[in-house]
Amino acid sequence: TTTLLTYLLKRISTTTSSPSSDSIALHASEVLSTILQHDDARLYASDLSALPPFRSAFNDDDDDDSKKNSSSSNNNTSKVDGMECILQSIAPYRKRDPTTAEEVETLENIYDALCASLLSS
């Protein structure tokens, strides 16, 4: 479960503005908020600030993130701060409103995930 959460957090924290990444972020935020709102989230996702890093079983040569984070992926003791990822994905909307319906729904889902994670801790 924790590597799935790490993967979802990685997908919502991408800052590219292509339509396909907006769609991926929307679906990832929906799944993340649903998982964190579930009753069992306290058992399996109680500490979002120290999640294990996501490592794919496949070598994605076309994935840009794998090239950027190759040095950090070699460090097995690194942890992913889920709360930081959630807050960073909300941060661009402090000074501007979401422009599309997908951005609005993604932001709502991320807020739901943030509230659920705060209630479960």
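How many of the residues of this protein count as buried, as a percentage? Of the 121 residues, 31% do. Before I go on, please keep in mind that what you're looking at is a predicted model.

So, the overall layout. The protein has seven helices and zero strands. If you walk along the sequence, the pattern you read off is α-α-α-α-α-α-α. As for how the chain comes back on itself, take the contacts between residues at least 6 apart in sequence: 75% of those join residues at least 24 apart. And on the outside, the protein exposes about 7,900 Å², with carbon and sulfur atoms supplying 51% of that.

Let's go inside. The largest nonpolar core has 18 residues, and the ones touching the most other members are Leu 9, Ile 12, Leu 32 and Ile 86. Which elements give two or more residues to this core? They are α1, residues 2-12, then α2, residues 19-37, then α6, residues 82-90, and α7. Helix α7 gives the most, with five residues.

Since α7 comes up there, let's stay with that helix for a moment. Helix α7 covers residues 101-120, which makes 20 residues. At 1.5 Å a residue, α7 should span 28 Å, and the C-alpha atoms at its ends are 29 Å apart, so the two agree. Now, which residues of α7 are buried? The list is Glu 103, Thr 106, Leu 107, Asn 109, Ile 110, Ala 113, Leu 114, Ala 116, Ser 117 and Ser 120. When you look at the numbers in that list, it helps to recall that an α-helix has 3.6 residues a turn, so residues three or four places apart point the same way.

One residue of α7 that isn't on that list is Cys 115, which is partly exposed because its relative accessible area is 44%. Over in the other direction, Cys 85 sits at 17% relative accessibility, so that one counts as buried. And how many disulfides are there? The count comes to zero.

Back to Ile 12, one of the core residues I named. Leaving aside neighbours within four places in sequence, Ile 12 is in contact with Ala 25, Ala 28, Ser 29, Leu 32, Ile 86, Ser 89 and Ile 110. Two serines are in that list, Ser 29 and Ser 89, and I'd like to take them in turn.

Ser 29 is found in helix α2. Buried or exposed, would you say, for Ser 29? Buried, because its relative accessible area is 1%. Beyond four places in sequence, Ser 29 is in contact with Ile 12, Thr 106, Asn 109 and Ile 110.

Ser 89 is in helix α6. With a relative accessible area of 8%, Ser 89 is buried too. Its contacts, again leaving aside neighbours within four places, are Ile 12, Ser 13 and Ile 110. So Ile 12 and Ile 110 turn up for Ser 29 and again for Ser 89.

There's a third serine worth a look, Ser 117, in helix α7. Ser 117 is buried, at a relative accessible area of 7%. Beyond four places in sequence, Ser 117 is in contact with Leu 36, Leu 48 and Met 83. The C-alpha atoms of Ser 117 and Ser 33 are separated by 8.9 Å, with their places 84 residues apart along the chain.

Now for charges. Side chains of opposite charge can pair when their charged atoms come close. How many salt bridges does a search of the whole structure find? One. The partners are Arg 96 and Glu 103, at 3.8 Å from N to O. Arg 96 counts as partly exposed because its relative accessibility is 39%, whereas Glu 103 is buried, at 14%.

Two more charged residues to finish. Asp 22 is in helix α2, and with a relative accessible area of 23% it is partly exposed. The C-alpha atoms of Asp 22 and Ile 12 are separated by 8.7 Å, and the two are 10 residues apart along the chain.

Then there's Lys 79, in the loop between α5, residues 70-73, and α6. At 55% relative accessibility, Lys 79 counts as exposed. Its C-alpha atom is 9.9 Å from that of Leu 48, 31 residues away along the chain.

Conventions: Residues numbered from 1 in each chain as written. Predicted model: local features only at pLDDT ≥ 70, side-chain atom pairs only at ≥ 80, totals over all residues. Heavy atoms only, no water. Helix = DSSP H or I, 4+ residues; strand = E, 2+ residues; numbered from the N terminus. Expected span 1.5 Å × (residues − 1). Buried < 20%, exposed > 50% of the residue type's maximum accessible area, 1.4 Å probe, protein only. Disulfide = S-S within 2.5 Å. Salt bridge = Lys/Arg side-chain N within 4 Å of Asp/Glu carboxyl O. Core = buried A, V, L, I, M, F, W, Y, C linked by side-chain atoms within 4.5 Å. Contact = heavy atoms within 4.5 Å. Areas by Shrake-Rupley, 256 points an atom, 1.4 Å probe, with all protein chains shown as cover.
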